[in-house]
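Student: I would like to go through some of the labels used for this structure and the reasons behind them.
Tutor: Then take the labels one at a time and set each value against its cut-off.

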Amino acid sequence: MSSDAYTPPAVWTWDKESGGRFAAINRPVSGPTHDTPLPVGRHPLQLYSMGTPNGVKVTIMLEELLAIGHADAEYDAWLIRIGDGDQFGSGFVAANPNSKIPALVDHRGDEPVRVFESGAILVHLAETFGAFLPTATPARAECLSWLFWQMGSAPFLGGGFGHFYAYAPEKFEYPINRYAMETKRQLDVLDRRLGISEYVAGADYTIADMAIWPWYGLLVRGELYGAGAFLQVQEYANVVRWAEQLAARPAVQRGRMVNRVTGEPSEQLHERHDAADFADRTQDKLQAQ
């Protein structure tokens, strides 16, 4: 052990910035920091989000619902720039007291219903529209088990590996090794499952796939943290097969664009209020070619 090893104090205090990419928005308290109401569009479903893996789960789900004919799944997607602290506005905190994207407000009933946490939003939409969540007990249990596997596992990939590998102001061997090992273990779990099943929960495409793909699918496609070579993701052939299969779905492609603020401009649709909004992005892409 090095002589400059950190020794935790008897009582932790917030007396300096944590450093790193998200230092400006990290704080040990909750609640709003400023008064900003949320905008409301013309559709009953109002999504407040950003195109991070957790946000992409929901926009994929909404686009898949529209693709199979649920016209009443039309939605407005408003951009919440988490780097700017939009999630600490009073309106957003009212929609999600945890100040994390995504948040959905469903205006179809007599009173607006807020739904926060991406997994809860997926279940809410699946049950509302009767799609992408099996109703028979064995299949439903399998789907929900994998959905909650993702909810419990991804923080080790994102807040663990992703943070220390890509975002931490200093690189340390122990946390990177610790979370790289866990991420590879999770990829192995997923690879073994997809070796015997076309989709994660079975023969059918479900909300489990929609939840897992933006994290693990993008990771094996080399689109998350720039860590594909480091983690040797090509070892997980079944995950790669599944990731490419989902990436080819038009609704997945549209869902990735919504509230996205990184990558090629033609792949970004900062706000989405109508299906026609994608036409401009497509035209931009064609002109760029």
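Student: Why is Arg140 called partly exposed?
Tutor: This is a predicted model, and in it Arg140 has a relative accessibility of 26%. Partly exposed covers the range between under 20% and over 50%, so Arg140 counts as partly exposed.

Student: What makes Glu127 and Arg140 a salt bridge?
Tutor: Their closest N and O atoms are 2.9 Å apart. The cut-off is within 4 Å, so the pair qualifies as a salt bridge. Glu127 belongs to helix α3 (residues 118-129) and Arg140 to helix α4 (residues 137-167), and the pair links parts of the chain 13 residues apart.

Student: Is Glu127 buried, partly exposed or exposed, and how do you know that?
Tutor: Its relative accessible area is 49%. Exposed requires over 50%, so Glu127 is partly exposed.

Student: Which residues are joined into one network by salt bridges that share partners?
Tutor: Glu63, Glu74, Arg254 and Arg272. The structure holds 14 salt bridges.

Student: What makes the contact of Glu63 with Arg254 a salt bridge?
Tutor: The closest N and O atoms of Glu63 and Arg254 are 3.0 Å apart, and the limit is 4 Å. Glu63 sits in helix α1 (residues 53-67) and Arg254 in helix α9 (residues 250-257), so this salt bridge ties together parts 191 residues apart in sequence.

Student: Which label, buried or partly exposed, goes to Glu63, and which to Arg254?
Tutor: Glu63 has 2% relative accessibility and counts as buried, because buried means under 20%. Arg254, at 25%, counts as partly exposed.

Student: How do you know that Arg108 and Asp106 form a salt bridge?
Tutor: Their side chains meet at 2.5 Å, N to O, and the cut-off is 4 Å. Asp106 is buried at 4% relative accessibility, whereas Arg108 is partly exposed at 41%.

Student: What makes the peptide bond between Ile101 and Pro102 cis?
Tutor: Omega is about 0° for that bond. Pro102 lies in the loop between α2 (90-95) and β3 (103-106). Most peptide bonds are trans.

Student: Why is the phi of Glu117 worth pointing out?
Tutor: Phi of Glu117 is near 80°, a positive value, and Glu117 is not a glycine. Most residues other than glycine have a negative phi. Glu117 lies in the loop between β4 (113-116) and α3.

Student: What is the phi of Phe132, and why is Phe132 called buried?
Tutor: Phe132 has a positive phi of about 65° and is not a glycine. Its relative accessible area is 14%, which is under 20%, so Phe132 is buried.

Notes. Residues are numbered from 1 along each chain as its sequence is written. This is a predicted model: local features need pLDDT of at least 70, side-chain atom pairs count only at pLDDT 80 or more; totals for chains, interfaces and linings use all residues. Side-chain values use heavy atoms; hydrogens and water are left out. Helices (H or I, at least four residues) and strands (E, at least two) are DSSP runs, numbered from the N terminus. Buried means under 20% relative accessible area, exposed over 50%, partly exposed in between (1.4 Å probe, protein chains only).
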